[in-house]
Amino acid sequence: MNNLQIDIMPSISRIGETSLILFFAFIGGETGLIVGGEVINPKRTIPKAIFISITAVVIIYILIQTISQGVLGSNLPNFKASPLAETAKVVFGPFGFVLLIVGAAISMFGTVSGSILNSPRVLYALARDKVIPIKALSKIHKSFATPYVSIITYASISFILSVTGSFEKLAVIASSSMLILYFGVALSVIKLRKSLKTQPGEFKIPGGLLVPVISIAIILYFLSNLSIQEMTATLVFIGILSLIYILIKMIKKNVSNNRNS
């Protein structure tokens, strides 16, 4: 029990920095929306599934942290590369270490496989709808009916980022990117609450505007813990994408005006 005692409470800023990395564990639930058209009553089923999965992740991670902290104690921070494997090594010996490494590899392979299956469809849809000016990304394979160019592009970019950055840096980048997306979703919830009425059988978040408002506050707090370099890179990236989007809209408008004239 001594290993589970909290001697010094972390600072607010330290909690924010750690939360950016921890948030990475909760990314991915939104991918269920991509295949929502193949789910029975997705408007009700998918929100419940996301809520249940997030709850399960919270419980599992609390248990994992409690066990690891209880076994390794103050030595836990010394094993940043594979803390769970080291915990298993102490409890079960070398066999436990190997078992955890193999299990982690299988788990990561499943995560990567799911990402490759779902995420390239977003690139494909953006190219198909001409949101991004890269027509090749909307190509469909003649034999397999898959967006193969988008899949290859997505996999290549992911590979380059993986081999050139540490897990911590990549986790922060992924978390901050998704937080910005979630920020837009939270704002959308406020707008849609006023403009749309809930249909029978749909899932409705209880609490009115309380949940999206609290979500916005938490997201802004998380993002405030980014370093100056990370904030700058994120803003530059958003600025470039916004500029591309504006240029595409202007080109489309000019083409439409020329046709009408």
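Select Tyr 221 and Phe 222 to begin, since a search of the whole structure, which is a predicted model, finds one aromatic pair. The ring centres of Tyr 221 and Phe 222 lie 5.9 Å apart with the planes at 45°, so the pair is tilted; rings of Phe, Tyr and Trp (its six-membered ring) pair if their centres lie within 6.5 Å, and planes under 30 degrees apart count as stacked, over 60 as edge-to-face and the rest as tilted. With the two residues still selected, colour by accessibility: Tyr 221 is partly exposed at a relative accessible area of 28%, whereas Phe 222 counts as buried at 14% (buried means under 20% relative accessible area, exposed over 50%, partly exposed in between, with a 1.4 Å probe and protein chains only).

Next, select Lys 130, Lys 135, Lys 139, Lys 249, Lys 252 and Arg 259, which gather in a surface patch of positive charge; such patches join like charges within 9 Å, among residues with over 30% relative accessible area and no salt bridge, that is, no Lys or Arg side-chain nitrogen within 4 Å of a carboxyl oxygen of Asp or Glu. Within this selection, centre on Lys 139, which sits in the loop between α5 (120–128) and α6 (148–164) and, at 45% relative accessibility, counts as partly exposed.

Finally, show the whole chain as a cartoon: nine helices and zero strands make up its secondary structure, helices being DSSP runs of H or I of at least four residues and strands runs of E of at least two. The C-alpha trace spans about 80 × 45 × 45 Å along its principal axes, and 16% of the 261 residues count as buried.

Residues are numbered from 1 along each chain as its sequence is written, and side-chain values use heavy atoms, with hydrogens and water left out. In this predicted model, local features need pLDDT of at least 70 and side-chain atom pairs count only at pLDDT 80 or more, while totals for chains, interfaces and linings use all residues.

Technical notes:
Patches are made of residues with over 30% relative accessible area and no salt bridge: like charges are joined within 9 Å, nonpolar side chains (Val, Leu, Ile, Met, Phe, Trp, Tyr) within 5 Å. Accessible areas come from the Shrake-Rupley method with a 1.4 Å probe; for residues, only the protein chains shown count as cover. Lys and Arg count as positive and Asp and Glu as negative; His and the chain ends are not counted. The place of a charge is taken as NZ of Lys, CZ of Arg, CG of Asp or CD of Glu.
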